[in-house]
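Trainee: I would like to learn how a careful reader works through a model such as this one. Could you take me through it feature by feature?

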Amino acid sequence: MNAKVWLVGAGPGDPELLTLKAVRALKEADVVLIDDLVNDAVLEHCSNARIIPVGKRGGCRSTPQAFIHRLMWRYARHGKCVVRLKGGDPCIFGRGGEEAQWLRERGVEVELVNGITAGLAGATQCDIPLTLRGVARGVTLVTAHTQDGSSLNWQALAQSGTTLVIYMGVAKLSEIREQLLAGGMKADTPVAMIENASLPHQRECRSDLTAMEEDAHDFELKSPAILVIGTVASRATQSLWEHDLPAMTVGQTA
Ligand code: SAH
């Protein structure tokens with residue numbers, strides 16, 4: 001096996017949501033650098049790898065990004081097969097793009113492997129069809145947390161007609177609510193807040209745009225959690241989806 005860095009998505013937490021390609025990369029790895037949102041259970045697929053935790057949760061003690069870059073580079077230069085294992089998908093708020101670029105600029109071969117991103121997994125686990133036909137024309141993945149403190153175009157988001165899936169939003173509920181209301185989103189727009197999606201201790205809190213901050217407080221919502229904002233997050237939509245579709249016979253497609 002040639003020296004290479006695999007930037008691998010470990011999915012949202014449930015080890016069964018790992019891809020077969022991720023399993024192959026873990027089997028071949030000499031070194032695995034693991035983020036803290038990754039479920040350790042996936043490491044059972046490693047054959048003989050050295051495991052190095054490099055987690056860096058917002059606000060906690062963290063491994064500097066430059067150090068992680070250099071660590072991957074050092075092992076790759078010594079002919080090792082390196083797997084950098086990230087929660088969800090490596091390129092959805094995961095710095096996969098910048099790590100790949102940094103390594104390629106130094107002549108290191110890189111392969112990116114998709115993982116199931118937390119926003120999509122959380123919605124599915126709660127039976128929320130993000131792009132339900134006739135209800136939501138699309139889905140927008142967005143982070144409430146910007147590195148430079150710049151603001152999102154909330155008005156455009158509020159009026160996009162797409163389901164919003166918001167990452168890193170737990171500490172920003174007040175701002176999200178105010179901005180979407182100011183942007184023209186209806187006050188009774190349904191909201192689902194999903195904590196620890198796909199894990200045995202997953203919790204979900206259903207609310208609406210007006211009440212979400214208070215409901216999250218009463219529910220003691222904690223990170224990691226995603227917010228799903230849009231008509232599809234309503235329980236009423238869920239029953240429509242489950243019961244009102246015409247029955248299909250075998251062989252028929254939707
Ligand atoms: N690359 C990751 C996202 C990393 S950003 C992905 O594709 O999923 C970290 C944020 O992801 C958290 O603040 C939270 O909003 C979300 N997140 C990650 N894992 C989660 C989980 N199991 N349940 C709910 N949200 C999660």
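**Reading charges, contacts and backbone**

Mentor: Let us begin with a single side chain: R24 has a relative accessibility of 39% and therefore counts as partly exposed, the class that lies between buried, under 20%, and exposed, over 50%. Please keep in mind throughout that this is a predicted model.

Trainee: With which residue does the side chain of R24 meet in a salt bridge?

Mentor: A salt bridge is read from the distance between a side-chain nitrogen of Lys or Arg and a carboxyl oxygen of Asp or Glu, which has to be within 4 Å. In this case the partner of R24 is E28, and the N to O distance is 3.6 Å. Both residues belong to helix α1, which covers residues 20-28, and they are four residues apart, about one turn of the helix. E28, like its partner, falls in the middle class, because its relative accessibility is 28%.

Trainee: How many salt bridges does the structure hold?

Mentor: There are 13 of them, and one that repays attention is the pair formed by the side chains of E109 and K4, with 3.8 Å from N to O. E109 sits in the loop between α3 (96-105) and β5, whereas K4 sits in strand β1 (residues 4-9), so this pair ties together parts of the chain that are 105 residues apart in sequence. The accessibilities of the two partners should be read one by one: E109 is partly exposed at 43%, while K4 has a relative accessible area of 9% and is therefore buried.

Trainee: How far apart are the closest N and O atoms in the salt bridge between E175 and K172?

Mentor: They are 4.0 Å apart. E175 is partly exposed at 33% relative accessibility, and K172 is likewise partly exposed, at 26%. Salt bridges can also share partners, and in this model such sharing joins K4, K21, E109 and E111 into one network.

Trainee: Which residues form the positive surface patch?

Mentor: A patch is made of like charges from residues that have over 30% relative accessible area and no salt bridge. Here the positive patch consists of R50, R70, R74 and R77, and its largest share, three residues, comes from helix α2, residues 65-77. R77 is located in that helix and counts as exposed, because its relative accessibility is 54%.

Trainee: Which residues gather in the patch of negative charge?

Mentor: The negative patch on the surface brings together E213, E214, D218 and E220. E220 is placed in the loop between α7 (212-219) and β10 (225-229), and with a relative accessibility of 52% it counts as exposed.

Trainee: What is notable about the peptide bond from S223 to P224?

Mentor: That bond is cis, and its omega is near 5°. P224 lies in the loop between α7 and β10, which is also where E220 is found.

Trainee: Is Q65 buried or exposed, and what does its side chain contact?

Mentor: Q65, which has its place in helix α2, counts as buried, because its relative accessibility is 13%. Its side chain is joined to that of E99 by a polar contact of 2.7 Å.

Trainee: How far apart are I116 and G11 in sequence and in space?

Mentor: Separation along the chain and separation in space should be read as two values: I116 and G11 are 105 residues apart in sequence, and their C-alpha atoms are 4.5 Å apart in space. I116 belongs to the loop between β5 (110-113) and α4 (118-125), and it is partly exposed at 33% relative accessibility.

Trainee: Where are F93 and R95 placed, and what is phi in F93 and in R95?

Mentor: For the backbone, one looks for a positive phi in a residue other than glycine, as in F93, whose phi is about 50°, and in R95, whose phi is near 65°. F93 lies in the loop between β4 (81-86) and α3, and R95 is also placed in the loop between β4 and α3. F93 is partly exposed, since its relative accessible area is 37%, and R95 is partly exposed at 30% relative accessibility.

Technical notes
Residues are numbered from 1 along each chain as its sequence is written. This is a predicted model: local features need pLDDT of at least 70, side-chain atom pairs count only at pLDDT 80 or more; totals for chains, interfaces and linings use all residues. Side-chain values use heavy atoms; hydrogens and water are left out. Patches are made of residues with over 30% relative accessible area and no salt bridge: like charges are joined within 9 Å, nonpolar side chains (Val, Leu, Ile, Met, Phe, Trp, Tyr) within 5 Å. Accessible areas come from the Shrake-Rupley method with a 1.4 Å probe; for residues, only the protein chains shown count as cover. Lys and Arg count as positive and Asp and Glu as negative; His and the chain ends are not counted. The place of a charge is taken as NZ of Lys, CZ of Arg, CG of Asp or CD of Glu. Helices (H or I, at least four residues) and strands (E, at least two) are DSSP runs, numbered from the N terminus. Buried means under 20% relative accessible area, exposed over 50%, partly exposed in between (1.4 Å probe, protein chains only). A polar contact is a pair of N or O atoms within 3.5 Å; within protein, one must be able to donate a hydrogen and the other to accept it, and residues adjacent in sequence count only if both atoms are side-chain atoms.
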